[in-house]
Amino acid sequence: MDIKAYIILSLVLFTIGIIGVLVRRNAIIIFMCVELMLNAVNLLLVAFSKMHALSIAAKASANFASDAQIFVFFIMVVAAAEVSVGLAIIVMMYRNVHTVDVNFLNRLKN
Amino acid sequence: MNNIFKLVWLIPILPLLGFLINGLGRKMLSKTVSGFVGSAVVFASFLLSVLVFLQVKAGNTNTIHFFDFIHLKSLNIAFDFKIDQLSSLFLLIITGVGFLIHVYSTSYMHDEEGKDFAKYFAYLNLFVFSMLLLVMGGNYLIMFIGWEGVGLCSYLLIGYWFKNVDYTNAAKKAFIMNRIGDLGFLLALFWLISKIGTIEYNQVFTAASLAKLSTFDITGITLLMFVGATGKSAQIPLFTWLPDAMAGPTPVSALIHAATMVTAGIYMIARSNALFTLAPITLNVITIVGLATALLAASIAIKQNDIKKVLAYSTVSQLGFMFVALGTGNYVAAVFHVITHAFFKALMFLGSGSVIHAMGGEQDIRKMGGLHKHMKITSITFLIGCLAIAGIPGFSGFFSKDEILAGAFSHNPIIFSLLLFAALLTAFYMFRLYIITFSGTFRGTHDQEHHLHESPSAMTLPLIILAILSVVGGFIGVPEVLGGHHWLAAFLSPVVKSATHHLEHSTEYMLMGITTVLVLISITFAWVRFKNYKVAGESTGLGKILENKWYVDELYQMAIVNPLKSISAFFNNIIEIKLIDGAVNGVGKLVTYSSRQLRWLQSGQVGAYVLLMVVGMLILFFIQLFL
């Protein structure tokens, strides 16, 4: 399939993720959007890896263009770790201000 | 002794010293000491001036160089004094009459507090210092320093009783009008420098330097100098300050506004006679302005009721006479009239001070009358002054005034007749003043009548001395027609070259005769009119116009002061408040506005920080992509 479709999809997902992070007020939704961004990047990496593999396949038999696919695993692991830490922080926040609205996080103001 | 010239610098420095002592020590010195110090320094200067005069009379003139004042590549102006016939004569007048007035002041001002008394003498000494600089200067710059100095001292002394707003307004008016004239003087100096490159008298008045000036240059320079003289010597249009200047103490009026400062303009023109002789247009202008001023002021004086205002307008009128003399090329006659006028006008001002003193401060002649029997010395000396100013033969005013009239006649008979009319008005208003004040019955209050007394000798002695001078002072200039040899003209001839005007002896006799007869008729008319003076009601018609001084002050107020006020109001409200304040305040407002916007950078909102992060990333991305 045309690589452009994957790129555009990835781009759209990434943008939606960014806008979600900027616009939404609920901390958990923001986390979901961060995950969305990470997954968009994963998608892009896999797509490029396949594209690369397809162009080498004509020359050699072994498709060693799977670096990106390995990288995707790394990203997933990091995402998992980050989510656990982040949710822990949100729980602490809830315990202090009894809300998950990020607009209340303005103690850095003065 | 020829080495008197080495001590010439002392002549102005002594009054300056007196100024410093009295000025700095005014809270510490007693009144006797300050009065003594103030008068003694002027007397010492007078003695030195006499010695200098004797040297000059023997034929030794000198230019004494002190130091280089301004030293540019092309312009060298030195600080030097020029001691010659003209300046030595003026030195005598300034220090001599000045000394008499200082002595008079010690008694006249004795009611003042100690520190105000010393302040008065300090200012008076500063004035003498500036006036001496003016006449002794060897170039126009030193003259200008003295010129400004006397204007300043005039301001300080007119506004001496500064707690009265009217007096300080009068002082301001005097100073501002003086300054307008000074602008003309300065422009003339700049023009002179740009054309010749020097302003030293010794270098400007040589034929070589004068040849460098075109007729346009000379006419322009002399006209601008005359503008300066107009301001200082109270001619049309800058004369209205002098009557208002009567707000100052009477000795001040005598010294500054009769004998010395107002003659600075005459001195300047007499000194520059070489320039003025080459500018006939300017001379005509001077004649016309002088004549108009003489007539205008004399006409106002006949209707004034304040003793000092009459004398003030008389001064303006007599200055007009002097300017007519200058305009007809008769420089010696002008200087002669300066000298005789100094004597009799100072005499009359001091006499009026004596009267005011006796009347307890009253200056309105409608409340006086019959003072002769209470103050004989003042009355007789004042009468001598009146006879002198009217031009009765034998008194000093006769010789000087007749010389002016003769010069005017040989120039143009119409000028002569108008000037003669002014002289008749002079006699009329002067004797009106004398008769109303000193003869008849007393019209004041009972308390004032009890207070009437002759003044102490410190005041009457100067009156007597000045009266003697008013009589004999004329004999320095007896014309050939009457058998003399006009010592003054001969004395001044190296410096002041008068236009020679030859009148037949018979014509001169006839002129003198006509003048004297008409003056006597004028005096008789005044006597008849005013001998049974009762206070008249409101004046009507021409009398009202004259009493209101031809509404000149009101004209100036309407034509000059009010437009100036509205222009400055415009500038203040629109340009100052809206534009300039707006700009300055606008900078402040800009800072507060932008700071309020930039505050959002640190709102503490995490969302805002993330947004900024994203924006930053995008910018970097675009820079990467396109650069």
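The C-alpha centres of domain 1 and domain 2 of chain B lie 72 Å apart. Domain 1 of chain B covers 325-337 + 351-535, and domain 2 of chain B covers 556-626; such bounds come from an automatic or database domain assignment.

This is a predicted model, in which local features need pLDDT of at least 70 and side-chain atom pairs count only at pLDDT 80 or more, while totals for chains, interfaces and linings use all residues. Residues are numbered from 1 along each chain as its sequence is written, and chains are lettered from A and ligands numbered from 1 in the order in which they are written.

Confidence comes next. The predictor gives the complex an ipTM of 0.75 and a pTM of 0.79. Chain B has a mean pLDDT of 87 (the predictor's confidence in each residue, from 0 to 100), and 98% of its residues reach 70 or more. For chain A the mean is 86, with 86% of residues at 70 or more. Helix 1 (residues 3-23) of chain A has the highest confidence in that chain, at a mean of 93. Helix 2 (residues 27-57) of chain A has the lowest, at 89. Helices here are DSSP runs (H or I, at least four residues), numbered from the N terminus.

Now turn to helix 19 (residues 413-438) of chain B. Helix 17 (residues 376-390) of chain B packs against helix 19 of chain B at about 170 degrees, with the axes 9 Å apart. Axes are lines fitted to C-alpha atoms, for helices over the stretch in contact, and angles run from 0 to 180 degrees between N-to-C directions. The two helices, helix 17 and helix 19 of chain B, are therefore roughly antiparallel (angles over 145 degrees). Their crossing is left-handed (the near helix is turned anticlockwise from the far one by less than a right angle; right-handed if clockwise). Residues of helix 17 of chain B in this contact include Phe382(B), Leu383(B) and Ile389(B). From helix 19 of chain B come, among them, Met430(B), Phe431(B) and Tyr434(B). Contact requires C-beta atoms, placed from the backbone, within 7 Å. Ten of the contact residues are nonpolar, two polar and none charged. Nonpolar covers Ala, Val, Leu, Ile, Met, Phe, Trp, Tyr, Cys and Pro; charged covers Asp, Glu, Lys and Arg; the others, Gly among them, are polar.

Helix 18 (residues 396-411) of chain B meets helix 19 of chain B at about 150 degrees, with axes 6 Å apart. That makes helix 18 of chain B roughly antiparallel to helix 19 of chain B. Lys401(B), Leu405(B) and Phe409(B) are among the helix 18 residues of the contact, and Phe416(B) and Leu419(B) among those of helix 19 of chain B. By class, nine are nonpolar, one polar and one charged.

Helix 23 (residues 505-530) of chain B crosses helix 19 of chain B at roughly 35 degrees, and their axes come within 8 Å. This crossing is right-handed. Leu424(B), Phe428(B) and Arg432(B) are among the helix 19 residues involved, and Leu518(B), Ile523(B) and Trp527(B) among those of helix 23 of chain B. The contact divides into 15 nonpolar, two polar and one charged.

Two backbone details remain. A cis peptide bond joins Ile236(B) and Pro237(B), with omega about 0 degrees. Pro237(B) sits in the loop between helix 9 (215-232) and helix 10 (241-244) of chain B. In chain A, His98(A) has a positive phi, near 60 degrees, though His98(A) is not glycine. His98(A) lies in the segment after helix 3 (67-97) of chain A.

How values were computed. Parallel < 35°, antiparallel > 145°, perpendicular 65-115°, else oblique. Contact = placed C-beta atoms within 7 Å.
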